[in-house]
Amino acid sequence: MKVYHLYSGGKDSSLAAWILMRLGYEVRLVTVTFGTLEGWKFARETAERLGFEHEVLRLPRRLLEKAAEMAVEDGRPGRAIQFLHEKALEAIASRREVTRISDGTRRDDRVPYLDLPKARSLEDRFGVAYIRPLLGIGYRTVNELVQKLFEVEIRESEELEKSDYEVELRHLLRELGIDPLSIFPKSHYQSRVLGWKHEFIGREGRGFTPSGKPPQGSSSR
């Protein structure tokens, strides 16, 4: 049972991938880029450390340009991020070999987030199952699980090396001569997973990663 999981390297998408793996799915992580930066390398690095298969999906730059127009028009990023997320899901779902897609959206998320009509539409239009492992989980529980499983770096969005839509959208806005802080919150923290926690690896053993091999940087006790 293979599932293609939209992946940024952050704590939510990493936790969702772990849950899918524990449920018995063969998880392939997919990081979307619009070709303006090579931020996808950070997601690939994290995927390798966690032992997951990973691929990069390149989408047309014009989609990012349309999102930038939305952000400038609105004076805030919500609609633009939602637009990019929906296009990313549709691009993965449209592939012939794909029958299951997933992401790390949570119960309390506002953006990006597909409501029930949009989720059903996605499944019906592309003939896929759309799986959201974190949909019934709140912020506090997500943090508890993340703290148990992963080594995580949390920094201001402007400073963190990560692989999500926001990085490329901020970059394009700068290219257009627009200060991203005029659109994005001035104080906004995000996360990047660096790997498994060593104490967690020690308790669970080497066969716990999807590949059946010890995670990179860990011992095979």
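**Figure 1. Accessibility of the salt-bridged pair R79 and E73.** A residue counts as buried under 20% relative accessible area, as exposed over 50% and as partly exposed in between (1.4 Å probe, protein chains only). The model shown is predicted: local features need pLDDT of at least 70, side-chain atom pairs count only at pLDDT 80 or more, and totals for chains, interfaces and linings use all residues. Residues are numbered from 1 along each chain as its sequence is written, and side-chain values use heavy atoms, with hydrogens and water left out. In this view R79 and E73 form a salt bridge (a side-chain nitrogen of Lys or Arg within 4 Å of a carboxyl oxygen of Asp or Glu), with 3.8 Å between the closest N and O atoms. R79 has 39% relative accessibility and is therefore partly exposed. E73 reaches 64% and therefore counts as exposed. Elsewhere, K2, E26, R28, E53, E55, R95 and E97 are joined into one network by salt bridges that share partners. The two views that follow show pairs whose members belong to this network.

**Figure 2. A salt bridge between E53 and K2.** The side chains of these two residues meet with a distance of 3.7 Å from N to O. E53 belongs to strand β3 (residues 53-58) and K2 to strand β1 (residues 2-6), so that the pair, 51 residues apart, links distant parts of the chain. Strands (E, at least two residues) and helices (H or I, at least four) are DSSP runs, numbered from the N terminus. E53 has a relative accessible area of 35% and is therefore partly exposed. K2, with 25% relative accessibility, is likewise partly exposed.

**Figure 3. A salt bridge between R95 and E55.** The two side chains meet at 2.9 Å, taken from N to O. This pair also connects distant parts of the chain: R95 is in the loop between α4 (78-93) and β4 (100-102), E55 is in strand β3, and 40 residues separate them in sequence. The relative accessible area of E55 is 11%, and E55 is therefore buried. By the rule given in the legend to Figure 1, the structure has 21 salt bridges. As a general principle, side chains of opposite charge can pair when their charged atoms come close.

**Figure 4. Charged ends of arginine side chains over the rings of F184 and Y113.** A charge sits over a ring if NZ of Lys or CZ of Arg is within 6 Å of the ring centre and within 35 degrees of the ring normal. The charged end of R170 meets this rule over the ring of F184, at 4.3 Å from its centre. F184 is part of the loop between α7 and β7 (189-196). Its relative accessible area is 4%, and F184 is therefore buried. F184 and A71 lie 113 residues apart in sequence, yet their C-alpha atoms are 9.0 Å apart in space. The ring of Y113 has the charged end of R132 over it, 5.3 Å from the ring centre.

**Figure 5. The cis peptide bond between V111 and P112.** The omega angle of this bond is about -10 degrees. P112 is located in the loop between β4 and α5 (116-126). In general, most peptide bonds are trans.

**Figure 6. Residues around the largest cavity.** A cavity is a set of points on a 1 Å grid over the protein atoms alone where a 1.4 Å probe fits but cannot get out; lining residues have an atom within 4 Å of a point. Points are joined across faces, edges and corners, and the volume is the space filled by probe spheres set on them. A search of the whole structure finds two cavities of 30 Å³ or more. The largest cavity has a volume of about 50 Å³. Its lining is made up of V32, T33, L37, G39, W40, K162, S163, D164, V167 and E168. Strand β2 (26-33) and helix α7 (165-175) are the elements that give two or more residues to this lining.

**Figure 7. Contacts of V146 and K87 with residues far along the chain.** V146 is found in helix α6 (residues 139-149). With a relative accessible area of 5%, V146 is therefore buried. V146 and D12 are 134 residues apart in sequence, and 8.2 Å separates their C-alpha atoms. K87 lies in helix α4. At 30% relative accessibility, K87 is therefore partly exposed. Between K87 and L59, 28 residues apart along the chain, the C-alpha distance is 8.8 Å.

Terms used
1 Å grid on protein atoms, 1.4 Å probe; cavity = no way out; pocket = protein on both sides within 12 Å on 5 of 7 lines; lining within 4 Å.
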